[in-house]
Amino acid sequence: MISFTICLVALVLGYVFYGSFAEKIFGADEKRVTPAVAHPDGVDFMPLKPWRIFLIQFLNIAGLGPIFGAIMGARFGTASFLWIVLGSIFGGAVHDYFSGMISLRHDGISLPEIQGQHLGNGVRQLMRGFMIILMILVGVVFVDGPAKILADLTPDSLSAIFWVVVIMVYYVIATLFPIDKIIGKIYPVFGICLLFMAIGILSYLFINHPAVPEFWEGLQNKQADPESTPIFPMMFVSIACGAVSGFHATQSPLMARCMVNERQGRAIFYGAMITEGVVALIWAAAASVFFFSGDYDAQVAEYGSAAPRIIKFLTDTWLGRIGSILALLGVVFAPITSGDTALRSARLIIADFLHLDQKPIVKRLMVALPIFVVTTIVLIWSIGNKESFNTIWNYFAWCNQLLSVFTLWAITIFLVRHSQNRWAYLISIIPALFMTAVCSSFMFIATPKQGGFNFFELPDIVGYCVALVVCTTCIIGFVAWKNKQAKA
């Protein structure tokens, strides 16, 4: 419990000190007029209370990511604790804060437009298509699970397809309605439920002191087959939400359109990411008790080893009936509330590059209808095919981290161009290079079962060499560009 407690304290201190440093680097100005104040449209650009924006942002970026990812990442041992803490403070929170603040500073523009402004028009065009596909994949993967759970809990006449339709109807409403009508009302409620569930697990940990692994016991990989599942890069893709996740930057512009003061950004963007890191750390610690206790075989025999089953075990045995109810609500509703904002983000991405005013409902429908049709088709294809769903999920995990790479490099270019501190870019280039190494090595090392590609599966050393070459190329290109900027 000592290592776990140190990690919790480190996350809080990271928000206080490194969050303040990031805010200073950006130069948040409380007197600058924000998009919500400059041109409110009653749909997407709409002032909301800061606490409400924080809870919406938290649930937007969280869903089940900091629970499922942290639970499965805990199999790597205490190294997962370090990644959650260091990744959240120096990677994820930097990624989320600057992407949100750049959007806020540039009239609430969507992520592809941010990347295009700083990485070039080619990247802008690539990211527009890439992110729309990614948002649809998020909608798919965050409907499939809840629909199947609801089908198991209800009469046989209410099949998974029925619940897919119900959830999709909700998606249509949440995506098209003004942000304060649906999302602004229910998100804070479910955000609080997600936090209460984590607080319940945290209370059990401190009151009952189960055997949580300590750093001095070693950082060795505790996977059943560590040779085929190396910590680098596998753990850094497994634990995305709760450390670094590209999806977060697609959600930040939604909240940038609702803020009335730039100084709110530290709490809303940096703070929500640190809060997610705390949630992920709690669940990683709890899962480590499950995985590394002497009762592991008996627990697996009764509950299984999948993340939802582990959640059921922990809440049943640690929190009782109320905890189980909260867990069920989380497993069903948390992913749905990430899926709807993903599709809302897709609508805004398309509207931004087509320059379509989203105030008229007809124009919102023009943009959203094709998104809903494609999402529904992919859902129907995947709902009865376990292998197709697993394929979608695996590719989503890697694409999610690849998106963070582009975002961190765009932030780096922004800081070179706009920060008064000549070394400001170091805050983002270090995590940018690290995530570049993660994604490039993962692409060549991972097997299809791990989310990789059928045509690579190279030896680890080859993948690491490729990652080194890619990172070196990025550094050389960046230095050349920076020197050219200095001479201009």
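This briefing walks through some features of the structure above, topic by topic. The model is a predicted one. Its largest nonpolar core has 150 residues, and the structure holds nine salt bridges. There is also a nonpolar patch out on the surface, with about 490 Å² of accessible area together.

**The nonpolar core**

- Start on the inside: the residues with the most contacts within the 150-residue core are Phe-4, Tyr-97, Phe-98, Leu-205, Tyr-270, Trp-283 and Leu-415.
- Helix H12, which runs over residues 265–292, supplies the largest share of this core, at 18 residues.
- Take Trp-283 as an example: leaving out residues up to four places away in sequence, Trp-283 touches Pro-66, Ile-67, Ala-70, Ile-71, Met-197, Ala-198, Ile-201, Ile-311, Leu-314 and Thr-315.

**The nonpolar patch on the surface**

- Now for the outside: the patch is formed by Ile-161, Val-165, Val-169, Ile-173, Phe-177 and Ile-380.
- Helix H8 (residues 160–176) gives the most to this patch, namely four residues.
- Phe-177, another patch member, sits in the loop between H8 and helix H9 (183–208).
- With a relative accessible area of 39%, Phe-177 counts as partly exposed, because that value falls between the 20% limit for buried and the 50% limit for exposed.

**Salt bridges**

- A bit of background first: side chains of opposite charge can pair when their charged atoms come close.
- Arg-347 and Asp-44 make one such pair, with their side chains meeting at 2.9 Å, N to O.
- Arg-347 is in helix H14 (residues 307–354), while Asp-44 is in the loop between helix H2 (35–38) and helix H3 (50–62), so this salt bridge ties together parts that are 303 residues apart in sequence.
- Both partners, Arg-347 and Asp-44, are buried.
- Arg-128 and Glu-113 form another salt bridge, at 3.0 Å from N to O.
- Here the link runs from helix H7 (residues 121–153), home of Arg-128, to helix H6 (residues 111–119), home of Glu-113, so the parts tied together are 15 residues apart in sequence.
- Arg-128 and Glu-113 are buried too.
- Asp-180 and Lys-181 also meet in a salt bridge, at 4.0 Å from N to O.
- Lys-181 is partly exposed, with a relative accessible area of 45%.
- Some charged residues join up in a network: Arg-32, Arg-105 and Glu-262 are linked by salt bridges.

**Two buried residues up close**

- Thr-412 belongs to helix H16 (residues 386–418), and its relative accessibility is 0%, so Thr-412 counts as buried.
- The side chain of Thr-412 reaches the backbone oxygen of Leu-408 at 2.8 Å.
- Setting aside neighbours within four places in sequence, Thr-412 is in contact with Tyr-425, Ser-428, Ile-429, Ala-432 and Phe-478.
- Ile-114 is in helix H6, and it is buried as well, at 4% relative accessibility.
- Not counting residues up to four places away in sequence, Ile-114 touches Ser-99, Ile-102, Ser-103 and Ile-109.
- Ile-114 and Arg-124 are ten residues apart in sequence, and their C-alpha atoms are 8.1 Å apart in space.

**Backbone features to look for**

- As a rule of thumb, most residues other than glycine have a negative phi, and most peptide bonds are trans.
- The peptide bond from Phe-232 to Pro-233 is cis, with omega near 10°.
- You can find Pro-233 in helix H10 (residues 231–238).
- Asp-107 has a positive phi of about 65°, although it isn't a glycine.
- Asp-107 is in the loop between helix H5 (79–105) and H6, and it is partly exposed at 42% relative accessible area.
- His-209, likewise not a glycine, has a positive phi near 50°.
- This time the loop is the one between H9 and H10, and His-209 is exposed, with a relative accessible area of 52%.

Conventions
Residues are numbered from 1 along each chain as its sequence is written. This is a predicted model: local features need pLDDT of at least 70, side-chain atom pairs count only at pLDDT 80 or more; totals for chains, interfaces and linings use all residues. Side-chain values use heavy atoms; hydrogens and water are left out. Patches are made of residues with over 30% relative accessible area and no salt bridge: like charges are joined within 9 Å, nonpolar side chains (Val, Leu, Ile, Met, Phe, Trp, Tyr) within 5 Å. Accessible areas come from the Shrake-Rupley method with a 1.4 Å probe; for residues, only the protein chains shown count as cover. Buried means under 20% relative accessible area, exposed over 50%, partly exposed in between (1.4 Å probe, protein chains only). A polar contact is a pair of N or O atoms within 3.5 Å; within protein, one must be able to donate a hydrogen and the other to accept it, and residues adjacent in sequence count only if both atoms are side-chain atoms. Contact means heavy atoms within 4.5 Å. A nonpolar core is a set of buried Ala, Val, Leu, Ile, Met, Phe, Trp, Tyr and Cys residues joined through side-chain atoms within 4.5 Å.
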